[in-house]
Structures are given as structure tokens and as C-alpha cells.
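Me: I've got a structure open and I'd like to learn how to read it feature by feature. Can you walk me through it?

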Amino acid sequence: EFGRRLIWLDDVDDASLVEAFQLSEGVIVGSLAEGFGLPLIEALGHGKPVLARDLPIFRVHEQYGVQFFPVDATPEILADRILEWHTAIRAGEVVIRAPDANWDESARILLDAVSRD
């Protein structure tokens, strides 16, 4: 499915990224390590289901409907998990909700954290 229904975007501009979110059924976040997971949050903000590698930092987003695949998934296990997830999306079984944070609130939280004694 690579290049047909499964695409990899690298270094895209904002308009193209928004269009990709609008056209997608879901977003796979396969990071091996991650600081926060902005692509994951952006996908949820666009109302898209997310399948992410089971990293501890991503678990805080589970409450928004993020689903996971094992950190050490073999290609076969990953393929099976993607198929299960895609089938659930098509069946309307994947419920997501957008995080309620926004850039203003995120900036305030950051400024509060760095200005503490």
C-alpha cells in the first residue's frame, strides 16, 4: 500500500499538511523516540484517528482515543495491527476527541514552567 493508500510525508508546508489531514482516514505515528508528539496532537485536532508506537510519552494521549502498536512490533505484527485499526475506523468503532489545549494555553503553561523558582 506504500505510495497508494499509505503515504509518508517529509518536509511538507502547512497547507499541504492540512490537506493531507483532510484527505486521510487516520494517522500512524511510528516514532522510535519522541519529545511530546506534536504530529499526534495535530492529527487529533483534525479529528483523525491515531495509531502510535506504544511510547510512554504517547500514553498521556490515550484518553483522546489514540490506539497503539507494540514498540518492538515485527512487520507482520504491525501489518496486522494496522489492518485491525483500519477495519475499526471503517466500522465507526474508533472514537477520538480533540485535546482541549490550544497554542495560547500551551504557551502560558510553558512560560509558567520556565519562570518558576
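Reply: Sure. Let's begin with a charge over a ring: that label applies if NZ of Lys or CZ of Arg is within 6 Å of the ring centre and within 35 degrees of the ring normal. Keep in mind that this is a predicted model. Here the charged end of Arg-59 sits over the ring of Phe-68, at 3.9 Å from the ring centre.

Me: And how many aromatic pairs are there in the whole structure?

Reply: Rings of Phe, Tyr and Trp pair if their centres lie within 6.5 Å. Searching the whole structure on that basis turns up zero aromatic pairs.

Me: OK, let's zoom out. What pattern does the protein follow along the sequence?

Reply: You'll find five helices and three strands, and reading along the sequence gives α-β-α-β-α-β-α-α. The C-alpha atoms fill a box of roughly 50 × 30 × 30 Å along the principal axes.

Me: Now the strands. In what order do they sit in the sheet, and is the pairing parallel or antiparallel?

Reply: The general idea is that strands of a sheet pair through backbone hydrogen bonds, either parallel or antiparallel. In this case three strands form an open sheet, ordered β1-β2-β3, with parallel pairing. β1 (27-29) and β3 (67-69) are at the edges with a single partner strand each, so one side of each has no neighbour in the sheet. On average, neighbouring strands are turned by 25° against each other, ignoring direction.

Me: Which residues can I click on to see the pairing of β1 with β2?

Reply: Try Val-29, whose bridge partner in β2 is Ala-52. β1 and β2 (residues 50-53) pair in the parallel sense over three bridges. On the other side, β2 and β3 also pair in the parallel sense over three bridges, and there you can look at Arg-53, which stands opposite Phe-69 in β3.

Me: Where do the helices go relative to that sheet?

Reply: Start with α2 (residues 38-45): this helix lies across β1 and β2 and runs at about 165° to β2. Then look at α4 (residues 75-90), which packs on the sheet and touches β1, β2 and β3. The direction of α4 makes about 160° with that of β3.

Me: What handedness does the unit of β1, α2 and β2 have?

Reply: For a crossover, point the strands away from you and follow the path from the first strand over the helix to the second; clockwise is right-handed. β1, α2 and β2 make a right-handed β-α-β unit.

Me: Next up, burial. Is His-61 buried or exposed?

Reply: The cut-off to remember is that buried means under 20% relative accessible area. His-61 has a relative accessible area of 4%, so it counts as buried. His-61 belongs to the loop between α3 (56-59) and β3. Setting aside neighbours within four places in sequence, His-61 is in contact with Phe-36, Leu-40, Ile-41 and Val-66. Across the protein, buried residues make up 26% of the 117 residues.

Me: What about Asp-11: buried or exposed?

Reply: Exposed, with a relative accessible area of 79%. Asp-11 is in the segment before α1 (14-23). Check its backbone too: the phi of Asp-11 is near 60°, a positive value in a residue other than glycine.

Me: How do I read links between residues that are far apart in sequence?

Reply: Compare the separation along the chain with the distance in space. Ala-98 and Tyr-64 are 34 residues apart in sequence, with 6.5 Å between their C-alpha atoms. Ala-98 is in the loop between α4 and α5 (103-115) and is partly exposed, with a relative accessible area of 41%. Beyond its neighbours within four places in sequence, Ala-98 is in contact with Leu-44, Gly-45 and Tyr-64.

Me: Which residue is 25 residues along the chain from Gly-47, with C-alpha atoms separated by 8.9 Å?

Reply: That's Gln-22. Gly-47 lies in the loop between α2 and β2 and counts as partly exposed at 42% relative accessibility. For the protein-wide view, take the contacts with a separation of 6 or more: residues 24 or more positions apart account for 44% of them.

Methods:
Residues numbered from 1 in each chain as written. Predicted model: local features only at pLDDT ≥ 70, side-chain atom pairs only at ≥ 80, totals over all residues. Heavy atoms only, no water. Helix = DSSP H or I, 4+ residues; strand = E, 2+ residues; numbered from the N terminus. Buried < 20%, exposed > 50% of the residue type's maximum accessible area, 1.4 Å probe, protein only. Pairing = 2+ DSSP bridges. Axes fitted to C-alpha atoms, helices over the stretch in contact; angles between N-to-C directions. Contact = heavy atoms within 4.5 Å. Phe/Tyr/Trp six-rings, centres within 6.5 Å; stacked < 30°, edge-to-face > 60°.
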